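This report goes through one protein model from its surface to its charged pairs and its backbone. The sequence and structure come first.

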Amino acid sequence: MKIIFFGTPDFAVPSLDKLNQNHKVVAVVTAPDKERGRGRKISYTPVKEYALNNNLQILQPEKLNDETFISDLGKLDADLIVIVAFRILPKLVFELPPKGSFNLHGSLLPKYRGAAPIQWALINGDTETGLTTFFLKEKVDTGNIILQEKIKITDDDDFGSLHDKMSLAGAELVLKTVNAIEEDKIELQTQNNEFASPASKIIKELGLIDWNKPAQQIHNLIRGLSPFPGAYFVHDNLKYKVFKSSVDKSLKLAPGEIKQTKDEIFIGCSEFSLQILELQPDGRKRMSADAFLRGYKLE
């Protein structure tokens, strides 16, 4: 099976690796290089790094509907396109291969259609999420489902840990999907739009903590945005990112009220209190609450 792989971030690398080990990846399509940092050094995507290290052909189009790019794709004579964490593909592209184009999505579609399904599952306090492979249609995340796999969300999971867990499980599901397509052993399932829910892009403003909300809701927001971009609050004109917390049901504090011990920080919410376990003062490094209290105070 000849495959063109579309992907950009580290989430996509395990899937590319699985396909490269078990099928013929004729090309990798990823985002263009960018200049980063003070020295404006050229930065490659994680997918490009993998492709370079494994001698795979790389395409980095600025525009996906560019005639030259589409012509180059056609010359590869691929059977299938596989997409993991990439931009929206135009119809001209995803209809090229005879066996179609499928995407790996980080939820149990039709739930959490959109750019940030992993984050929203955590923010909403879900105890289960999953992965879906589906054939592309023009309307984003609405195509017929090929395979799905459920993933348990543990109490200790945050965005970082769940992202990594789903990246590895997703690679197995991608390989299983490709094998099923190659063997013509797929049973497609139509998505029921009545059960669809959005997973919109994470914006900076979402991370601002409102202490007038219940502690559990704030705790889930922190989990969903840790380690990036991070939930935060402002105290005495200084910004503090919070990366780890727990709900304290015994301590009664007014919303926003801060209580400190020698090595613990608690902040009141509309229901219960939140214990801050890891935080980062603006301009400083991330640290545990007890390390923070050795040199700083919030009260």
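## A nonpolar patch on the surface

I42, Y44 and L52 make a nonpolar surface patch of about 280 Å². The model is a predicted one. Of these residues, Y44 sits in the loop that runs between β4 (41-43) and α2 (46-53). Y44 has a relative accessibility of 35% and therefore counts as partly exposed, since that class lies between the limits of 20% and 50%.

## Overall make-up

The protein has 299 residues, of which 49% are buried. Its secondary structure consists of eight helices and 15 strands. Along the principal axes, the C-alpha atoms fill a box of roughly 65 × 50 × 30 Å. Among contacts with a separation of 6 or more, 61% are between residues 24 or more positions apart.

The exposed area of the protein is about 15700 Å², and carbon and sulfur atoms supply 47% of that area. On the charged side, there are 39 positive and 40 negative side chains. The centres of these two sets lie 4 Å apart.

## Salt bridges at helices α1 and α2

Ten salt bridges are present in the structure. One of them pairs E172 with K18, with the closest N and O atoms 3.0 Å apart. This pair links distant parts of the chain: K18 belongs to helix α1 (residues 13-22) and E172 to helix α6 (residues 159-182), with their positions 154 residues apart in sequence. Are the two partners buried or exposed? Both fall in the partly exposed class, E172 with 42% relative accessibility and K18 with 25%.

A salt bridge also joins the side chains of D33 and K48, at 2.9 Å from N to O. Here the linked parts of the chain are the loop between β2 (24-29) and β3 (34-36), which holds D33, and helix α2, which holds K48; the two residues are 15 apart. D33 is partly exposed, with a relative accessible area of 30%. K48 has a relative accessible area of 8%, so K48 is buried, the limit for that class being under 20%.

## The loop between β8 and β9

Which side chain meets K91 in a salt bridge at 3.8 Å, N to O? The partner is E138. K91 lies in helix α4 (residues 91-94) and E138 in the loop between β8 and β9, so the salt bridge ties together parts of the chain that are 47 residues apart in sequence. K91, E95 and E138 are joined into one network by salt bridges that share partners. K91 counts as partly exposed at 38% relative accessibility, whereas E138 is exposed, with a relative accessible area of 58%.

V140 is also placed in the loop between β8 (128-135) and β9 (145-152). With 40% relative accessibility, V140 counts as partly exposed. From V140 to E194 the C-alpha distance is 16 Å, while the two residues are 54 positions apart in sequence.

## Cis peptide bonds between α7 and β10

Where do the cis peptide bonds to P227 and P229 fall? P227 is in the loop between α7 (215-224) and β10 (231-235), and P229 is in the loop between α7 and β10 as well. The bond that joins S226 and P227 is cis, with omega about 10 degrees. From F228 to P229 the peptide bond is also cis, and its omega is near 0 degrees.

## Positive phi between β10 and β11

The loop between β10 and β11 (238-248) holds D236. D236 is not a glycine, yet it has a positive phi of about 50 degrees. N237 has its place in the loop between β10 and β11 too. The phi of N237 is likewise positive, at about 65 degrees, although N237 is not a glycine.

What are the relative accessibilities of D236 and N237? D236 has 61% and counts as exposed. N237 has 78% and counts as exposed. Each of these values lies in the exposed class because the limit for that class is over 50%.

Definitions and conventions:
Residues numbered from 1 in each chain as written. Predicted model: local features only at pLDDT ≥ 70, side-chain atom pairs only at ≥ 80, totals over all residues. Heavy atoms only, no water. Helix = DSSP H or I, 4+ residues; strand = E, 2+ residues; numbered from the N terminus. Buried < 20%, exposed > 50% of the residue type's maximum accessible area, 1.4 Å probe, protein only. Contact = heavy atoms within 4.5 Å. Areas by Shrake-Rupley, 256 points an atom, 1.4 Å probe, with all protein chains shown as cover. Lys, Arg positive; Asp, Glu negative; His and termini not counted. Charge placed at Lys NZ, Arg CZ, Asp CG, Glu CD. Patch = residues over 30% accessible without salt bridge, like charges linked within 9 Å, V, L, I, M, F, W, Y side chains within 5 Å. Salt bridge = Lys/Arg side-chain N within 4 Å of Asp/Glu carboxyl O.
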